[in-house]
Structures are given as structure tokens and as C-alpha cells.
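Please go through the labels attached to this model one by one, and say for each how the value stands against its criterion.

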Amino acid sequence: MPLNKKELDPFLVDGEKLEVAGRSLIDTGTKTHGQCILWVDGWRVLDLQIEKVDKIYDPMAPLEDFRFKNREKLRNLPFPGLGAVGDFNSMVSTTCSGPSADHIVVYVSTSLQSDGDVTERRKNIESFTLDFVPKAKDALQCTA
């Protein structure tokens, strides 16, 4: 699944070696979870996860609070669903109605050791997420 270079660039710190680890986000076989991790010089810079689930999960629900630092609701998603962003990650739950999933949850995480401006990082996470989720839905052949 191709990633948008413009959206990815803020997470790619300067380094010698870019590595991609994990299994396919889309072709998960009998599993309901796919994960892909990007590393630069042994430092995890981006972790992408997709879970195929049976319903919409609200990232703002009390049970999801543990996932975030300074959680805030993502408003005006350009697709049906619910989302939230924190200082180091985002979570979006959306419909799929495709051949392999009724709903999906997409997680985007950066390193907890990320430096720099938190406001800018949150904007970058949100922008990447809003670009990535529709691509994931297309790759999963979601009809909704």
C-alpha cells in the first residue's frame, strides 16, 4: 500500500538506514490484525496497525483512554467513523463493508521518545491519518 511522501516526511528523521518490519496491513490471512513498523537507524519512527473488527469503537470512550496522552476528538472526518489524536498517536474506527471486514480500526503511532514541537507532531499525525485511512479502506476493498 503506497504512502504519501509528503505526509510521511515529518516522521522520517535523518539517518543512514530505513527499515520496514511487520506483516501486511491488508493481507492478514486468518488473522484480524496487520502491523507495519518503520525504523530509521534502529529507532521506531512510525507504527501502523489495522484491526478488522465487528463494530465501530469510539476512541473517546473511557476504555480507550489508556492509548493516549492528551486525547482529543478528531472532528470532520472525510469518511464515516470516529477518531481521536494524542501527542504520539491516533485511532480511527470506521465502516468497511468489504469482503474481508465489516469495520476497521486504524492506529498510527510515533515513538514515545519523539522530540520537537508537540502541536506540530499532533498536526502531522492527524494529517497522515486522514490521508492513510482512505487508502487502507481502498486496499481492503471497503464499500462504505
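**Labels and their grounds**

Q: What makes the link between the side chains of Q49 and H33 a polar contact?
A: The side chains of Q49 and H33 are joined at 2.8 Å, and the limit for such a pair of N or O atoms, one able to donate a hydrogen and the other to accept it, is 3.5 Å; the 2.8 Å pair is therefore called a polar contact. The distance comes from a predicted model.

Q: Is Q49 buried or exposed, and how do you know?
A: The relative accessibility of Q49 is 18%, and buried means under 20%, so Q49 counts as buried. Q49 has its place in strand β3, residues 43–53, and, leaving aside neighbours within four places in sequence, is in contact with L25, H33, G34, Q35, V105, V106 and Y107.

Q: What is the largest nonpolar core made of, and which residues have the most contacts inside it?
A: The core holds 28 residues, among which L46, I50, F128 and F132 have the most contacts inside it. Two or more residues come from each of β2 (33–40), β3, β7 (103–109) and α2 (118–139), and α2 gives the largest share, 5 residues. A second core, separate from this one, has 6 residues, including V53, F68, M91 and Y107.

Q: What does L46 touch beyond the residues up to four places away in sequence?
A: L46 touches L8, F11, C36, I37, L38, V108, S109, T110 and F128, where touching means heavy atoms within 4.5 Å.

Q: What is the order of the strands in the sheet, and how are they paired?
A: The sheet is open and has 7 strands in the order β1-β2-β3-β7-β6-β5-β4, with antiparallel pairing.

Q: Why are β1 and β4 said to stand at the edges?
A: Strands β1 (18–22) and β4 (72–74) each have a single partner strand, so one side of each is left without a neighbour in the sheet. From one strand to the next, the twist averages 15°.

Q: How do you know that β2 and β3 are paired?
A: β2 and β3 run antiparallel and are joined by 8 bridges, and pairing requires at least two bridges, so the criterion is met. One position can be named: V40 has W43 in β3 as its bridge partner. On the sheet packs α2, which touches β3, β4, β5 (81–85), β6 (89–95) and β7, and whose direction makes about 30° with that of β6.

Q: How many aromatic pairs does a search of the whole structure find?
A: The search finds 2 aromatic pairs.

Q: What geometry do F11 and F128 have as an aromatic pair?
A: The ring centres of F11 and F128 are 5.9 Å apart, with 85° between the planes; since centres must lie within 6.5 Å and an angle over 60 degrees counts as edge-to-face, the pair is called edge-to-face. F11 lies in the loop between α1 (5–8) and β1, and F128 lies in helix α2, so the pair ties together parts that are 117 residues apart in sequence. Both rings belong to buried residues, with a relative accessible area of 7% for F11 and 1% for F128.

Q: What geometry do F128 and F132 have as an aromatic pair?
A: The centres of F128 and F132 are 5.6 Å apart and their planes make an angle of 15°, and because planes under 30 degrees apart count as stacked, this pair is stacked. The two residues are 4 apart in helix α2, which separates them by about one helical turn. F132, with a relative accessible area of 1%, is buried. Ring pairs link F11, F128 and F132 into a cluster.

Q: Why is V118 called neither buried nor exposed?
A: V118, in helix α2, has a relative accessibility of 34%, which falls between the limits of 20% and 50%, so V118 counts as partly exposed.

Q: What is remarked about phi of D41 and N70?
A: Most residues other than glycine have a negative phi. Phi of D41, however, is near 50°, a positive value, and phi of N70 is near 60°, also positive. D41 is found in the loop between β2 and β3, and N70 in the loop between β3 and β4. At 43% relative accessibility, D41 counts as partly exposed.

Conventions: Residues are numbered from 1 along each chain as its sequence is written. This is a predicted model: local features need pLDDT of at least 70, side-chain atom pairs count only at pLDDT 80 or more; totals for chains, interfaces and linings use all residues. Side-chain values use heavy atoms; hydrogens and water are left out. Buried means under 20% relative accessible area, exposed over 50%, partly exposed in between (1.4 Å probe, protein chains only). A nonpolar core is a set of buried Ala, Val, Leu, Ile, Met, Phe, Trp, Tyr and Cys residues joined through side-chain atoms within 4.5 Å. Axes are lines fitted to C-alpha atoms, for helices over the stretch in contact, and angles run from 0 to 180 degrees between N-to-C directions. Rings of Phe, Tyr and Trp (its six-membered ring) pair if their centres lie within 6.5 Å; planes under 30 degrees apart count as stacked, over 60 as edge-to-face and the rest as tilted.
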